[in-house]
Amino acid sequence: MKRCSVGGSVPCPQNFGILGILSTFSALSSIRGCSTGPDGIPAWLLSNMAHLLAEPITYLFNLSIRNSTVPDQWRSSSITPIAKIPCPASEADYRPISITPVLCRLLEKSVVRLYIYPVLTDPVENRLFVDQFAFRPSGSTSAALITITDFILNSLNTEPYVRLVSLDFSKAFDTIRHSYLAEQLSSLPIPVYIHNWILSLLSNRSHRTKFRGEISSLANINASIIQGSGLGPANFVVAISGLKPLHSSNRIFKYADDCFLVILASNISTTDAELHHVNAWALKCNLHLNHSKSSDIIFTRPKVILKQGPPILHGIKRVSSINILGVEITEKFGFSPYIQRLCVRAKQSVHAHRILIAHGLSGARLHDVVRATTVNRLLYCSQVWHGFARKQDLASFNALVRKLVRHGFLPATFPTFDDLCKKADHDLFRNILNNPGHTLHDLLPPICCTGYDLRPRSHNRTVPRFDSLARRGFLARMLYS
């Protein structure tokens, strides 16, 4: 579909309306903890007066969409630098978070919910985004890690090794070229007026920075997807969807701006071409590939001794273990260092819980804090590494949970760590089976069709053959359970 320019208007029916009064009222009344934007309208006022403001704000929203025009007040933002590290020393150590007007954020989220998310969840329309696991319904770090590990485990059945290159883009969210984003948006099956409205939102923007009580003067913005806005995450997913591998046998997996290039041993000669291709794409959309923060690892089976691996990449360091979305994996495809470190950190958190008790926290509130911190930290991406954990590691986790229960940090009826992991496995697997739009649904084997009745199973899928290493992976474990 040909898109109109930002300056052109797209005629819509007079009764056209993207939002109804009831949905606007629900959005206004549910505002919690939003910072006041440059327009000076506080969130508490919109929330408390939702019953009076819902109708005029609905008219304003629909008028803005109908004319594909965004008010000038909504095109400015206040940037609050957030430190990335405990002791920042330079500007690069801060993440610029934009505080935009509350009303604009509400309308942006409505546009994402009504027009962008349906594309991301539709099994036919979302083929462009199957390699992206962030900012998508059902997307998560667990889904990304399961997909990456599943591909590598299956590849190691026939390949002596698999190369994974972790790619790092400098300031990825802040430098995306708007013209490139407009090209990517034009490929989506969204109405023309929505496309033009998004471009109007990005045009003629300005921002000022608030830091240590001082406010800078306004400066114009001609790039970035505006971190902190309602459309920012969806816009970034659309922009980075244009990054695809040069050769069909290679794969690129993405979680926001974290990209992982996977190359099989039989196709290792294409590595340089793939990296040149990534560099060319980055230049096109105004990104910079940071080689100093990128890394390269060669995965092999646990008992395989690689006599001669691929040459080291120029400017990219070779590592023996790699941190993928917070989970460390060794070159022999093991998780022991990560699991041991996880157990140590969980034990160290017990001291913090004792301090909370000393300050009067107890009962259900204490249990909630422990669940939200220590227990959730232990269960992070457990679907990925639980099958690779050694018996002594699992015994340490179970002993830690029993200790938390014994000291009153958790209720007496709290399940064991093994039960928590099994529940997390089955909950995710059930969601994958029942949701065709799930990011992991395509990894399922075909449905098994038989002309006779057998004992009931937990799924109706064909069970393929897996070797001992692959059976430790999430999908194999679930298919065999």
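Strands β3 and β9 (residues 258–264) run antiparallel and are held together by six bridges. Two strands count as paired here if DSSP finds at least two bridges between them, and the helices (H or I, at least four residues) and strands (E, at least two) are DSSP runs numbered from the N terminus. Keep in mind that this is a predicted model, where local features need pLDDT of at least 70 and side-chain atom pairs count only at pLDDT 80 or more, while totals for chains, interfaces and linings use all residues. Residues are numbered from 1 along each chain as its sequence is written, and side-chain values use heavy atoms, with hydrogens and water left out.

**The sheet around β3**

- Across the β3–β9 pairing, V162 faces L264 in β9.
- These two strands belong to an open sheet of five strands with mixed pairing, in the order β8-β9-β3-β11-β12.
- The edges are β8 (251–255) and β12 (317–318); each has a single partner strand, so one side of each has no neighbour in the sheet.
- As a rule of thumb, side chains in a regular strand alternate between the two faces of the sheet.

**The strands around β5**

- Strand β5 (residues 205–211) pairs with β1 (residues 76–83) in the parallel sense, over four bridges.
- Within that pairing, S78 sits opposite R208 of β5.
- β5 also runs antiparallel to β7 (residues 219–221), with three bridges joining them.
- Look for H207 there: its bridge partner in β7 is A219.
- Then there's β6 (residues 214–215), which pairs with β5 in the antiparallel sense over two bridges.
- F211 has E214 of β6 as its bridge partner.
- Two residues lie between the strands in the β5–β6 hairpin, and R212 takes a positive phi near 55°.

**Salt bridges**

- Side chains of opposite charge can pair when their charged atoms come close.
- A salt bridge here means a side-chain nitrogen of Lys or Arg within 4 Å of a carboxyl oxygen of Asp or Glu, and the count comes to 13.
- One of them links R163 with D296, with 3.2 Å between the closest N and O atoms.
- R163 is in β3 (residues 162–167) and D296 is in β11 (residues 295–299), so this pair ties together parts that are 133 residues apart in sequence.
- Buried means under 20% relative accessible area, exposed means over 50%, and partly exposed is in between (1.4 Å probe, protein chains only).
- R163 counts as buried at 2% relative accessibility, and D296 is buried at 0%.
- Over at D393, the salt-bridge partner is R390, and the closest N and O atoms are 3.1 Å apart.
- D393 is buried at 8% relative accessibility, whereas R390 is partly exposed at 34%.
- R477 and D425 also meet in a salt bridge through their side chains (3.0 Å, N to O).
- That pair joins helix α16 (residues 474–480), home of R477, to helix α15 (residues 417–434), home of D425, so parts 52 residues apart in sequence are tied together.
- Both R477 and D425 are buried.
- D131, K244 and K254 form one network through salt bridges that share partners.

**A buried helix**

- Helix α9 (residues 232–240) is largely enclosed by the rest of the structure, because eight of its nine residues are buried.
- Among the buried residues of α9 are G232, F236 and I240.
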